[in-house]
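Student: I would like a close look at one part of this protein chain, taken slowly and with the reasoning spelled out. Please choose a helix, and then connect that helix to its surroundings.

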Amino acid sequence: MHKMKPDIEALSSSILAYAMERLRMDPPTIDHALSQTTLEELAGQTITEEGRSGEEALKLFVDSLGPACISQDHPRYLSFVPSAPSEVSTLFDLVVGASNICASSWLEGAGAIYAENQALRWISDIAGLPAEAGGVFVSGGTAGNLSALVAARHDWREAYPEFSSQRGLIISSRGAHASVAQAAQVMDADLIQSGGHQLTGDDVAATIAELGPADRARLFAVACTAGTTNLGIIDDMQVIGEICAQEKLWFHVDGAYGGAALAAPSTRPLFDGIERADSFIVDPHKWLFAPFDCCALIYADPAKARKAHRQHGDYLEVFYDGTWNPSDYAHHLSRRARGLPFWFSLAVHGTKAYADAVETTLDCAREAAAMIEAHPNLELVTEQRLSICVFRRIGWAPEDYKQWSDALLERGDGLVTPTKHEGETVLRFCIVNPRTNRDDIQLILDTL
Ligand SMILES: Cc1ncc(COP(=O)(O)O)c(C=O)c1O
């Protein structure tokens with residue numbers, strides 16, 4: 001270990017050749033999960049006392065382990081929220097690994113942090129956040145929501161020290177992502193899921209009005225969603241932002257999936273009001289063409305987050321000399337410069353290409369909705385929103401959906417898993433890959 005020997009030089013070529021081959025696949029094979037037993041048969045005990053050659057270990061991945069993972073960037077992977085990194089962002093991920101940067105503090109990672117901050121600035125600008133806004137790239141939306149809400153609670157308790165040992169209270173919509181409820185649970189806070197799938201100003205006002213004085217006093221944040229995962233709904237951020245300002249509540253916006261549509265002129269107006277957010281997240285690993293794991297977490301006033309998240313210790317104080325330390329803005333310390341693949345892609349392609357690529361996916365979703373409406377066996381269940389279409393196959397029971405979905409994947413044709421809407425099993429497309437086109441949608445619809 002720790003020596004660049006000739007066999008490692010040779011292995012480098014094999015690894016780079018594999019990475020290039022994977023990048024060139026258009027489309028990649030979609031692949032599918034294998035059982036633990038099958039993987040044991042195929043790969044066996046991979047770690048031994050003596051080790052094995054790098055070529056052998058690579059072969060295990062290429063032949064057995066990699067094909068047991070679904071290719072998120074397959075153009076007919078339309079389930080959950082897929083990921084379609086640009087080629088250059090994936091390539092730069094290799095550079096980030098090789099550079100071994102600790103991007104926690106300016107002292108250690110100044111160059112990387114400078115670049116990450118420019119990428120965060122672009123996001124802040126399209127959201128209309130103030131000039132002093134800033135934050136950090138964390139692993140994903142779940143981590144982003146938690147860190148933002150921890151900052152919110154800290155801010156509340158700082159203003160009201162008498163609540164330092166009181167459970168806080170948060171309001172979100174029913175459509176909010178599970179990670180908001182999870183954050184409340186981790187924080188030992190309570191969550192009221194108000195209104196319907198969309199949270200409106202009236203819902204928030206009514207919920208606040210119904211609270212008794214003790215509960216009102218422990219309400220500290222409203223968590224809006226800018227693009228719900230299941231339906232693509234955007235909460236009424238204009239009115240809710242105003243209410244939060246009046247009521248002195250932290251206004252958090254979870255745009256983990258939908259926030260990318262800020263970049264597209266056709267959808268930007270849907271986000272009006274987001275500029276008032278105290279904190280905002282968007283995952284470039286979802287719809288902004290960056291590899292996993294990448295969530296941009298941005299605060300309107302980063303000093304508030306710093307107070308909540310900065311870690312102290314004799315050996316850490318050297319960081320705190322007035323420079324920008326990403327470790328100050330989330331629940332973490334050591335961190336990979338995970339925003340760099342996204343930054344590199346923005347730097348190479350320019351922001352206009354980003355706007356165009358998001359528009360391409362939006363156009364595809366609109367076309368998919370029209371094709372669903374024209375299909376004799378299908379009907380849209382809700383209005384098509386952002387890049388999501390939710391629809392039913394007339395006459396199908398839940399088992400029919402499951403069988404159809406399994407067969408689609410087994411044939412290697414795509415991944416479209418059932419979801420639920422108001423208790424009914426239905427289908428859902430989430431399109432974030434600019435390579436997904438009309439023919440892909442047609443191929444899937446023809447089997448319905
Ligand atoms: C709106 C929303 N918030 C949060 C998350 C959680 O993000 P992650 O899976 O990156 O933790 C998701 C994931 O789909 C999401 O759609």
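Tutor: A convenient place to enter is a proline: Pro-27 sits in the loop between α1 and α2, and the peptide bond that joins Asp-26 to Pro-27 is cis, with omega at about 0°. Please keep in mind throughout that this is a predicted model.

On one side of that loop is helix α1, residues 6-24, where Ala-19 is found. Ala-19 has 14 C-beta neighbours inside 10 Å and therefore counts as partly exposed. On the other side, helix α2, residues 36-43, is hardly covered, since none of its eight residues is counted as buried. Gly-44 follows α2 and has a positive phi, near 60°.

The helix for the close look is α4, residues 87-99. At 1.5 Å a residue its 13 residues should span 18 Å, and the end C-alpha atoms lie 19 Å apart, so the expectation and the model agree. Within α4 the buried residues are Ser-89, Phe-92, Asp-93 and Val-96. Because these residues cover an arc of only 125° around the axis, they fall on the same side of α4. Gly-97 and Ala-98, by contrast, are exposed on the other side of α4. Part of what covers the buried residues of α4 is α13, and just after α4 comes Asn-100, which takes a positive phi of about 50°.

Helix α13 leads from here to the interior. The largest nonpolar core has 116 residues, and Val-222 and Leu-297 are those with the most contacts inside it. Helix α13, residues 340-374, gives the most to this core, with 14 residues. The core also draws at least three residues from each of domain 2 (101-345) and domain 3 (348-445). As for Val-222, if residues up to four places away in sequence are left out, what it touches is Ile-171, Val-204, Ile-240, Cys-244, Leu-249 and Phe-251.

The domain assignment of the chain lists domain 1 (6-70) as well as domain 2 (101-345) and domain 3 (348-445). Taken over C-alpha atoms, the centres of domain 2 and domain 3 are separated by 29 Å, and 20 residues of domain 2 are in contact with 18 residues of domain 3. On the side of domain 2 that touches domain 3, α11 (284-287) and α13 each supply at least two residues.

The mention of α11 brings us to the loop between α11 and β7, which is the place of Phe-289. The phi of Phe-289 is near 65°, a positive value in a residue other than glycine, and Phe-289 is buried because 30 other C-beta atoms lie within 10 Å. Asp-293 has its place in the loop between α11 and β7 (295-299) too, and a cis peptide bond with omega of about -5° joins Phe-292 to Asp-293.

A useful contrast with Phe-289 is Lys-248, in the loop between α10 (237-247) and β5 (250-254). Lys-248 has a positive phi as well, near 55°, yet Lys-248 is exposed, since there are 12 other C-beta atoms within 10 Å.

Notes. Residues are numbered from 1 along each chain as its sequence is written. This is a predicted model: local features need pLDDT of at least 70, side-chain atom pairs count only at pLDDT 80 or more; totals for chains, interfaces and linings use all residues. A nonpolar core is a set of buried Ala, Val, Leu, Ile, Met, Phe, Trp, Tyr and Cys residues joined through C-beta atoms within 7 Å. A residue is buried if 20 or more other C-beta atoms lie within 10 Å of its own, exposed if 12 or fewer, and partly exposed in between; C-beta atoms are placed from the backbone. Helices (H or I, at least four residues) and strands (E, at least two) are DSSP runs, numbered from the N terminus. Domain bounds come from an automatic or database domain assignment. Two residues are in contact if their C-beta atoms, placed from the backbone, lie within 7 Å. The expected span of a helix is 1.5 Å times one less than its number of residues. The arc is that of the directions from the helix axis to the C-beta atoms.
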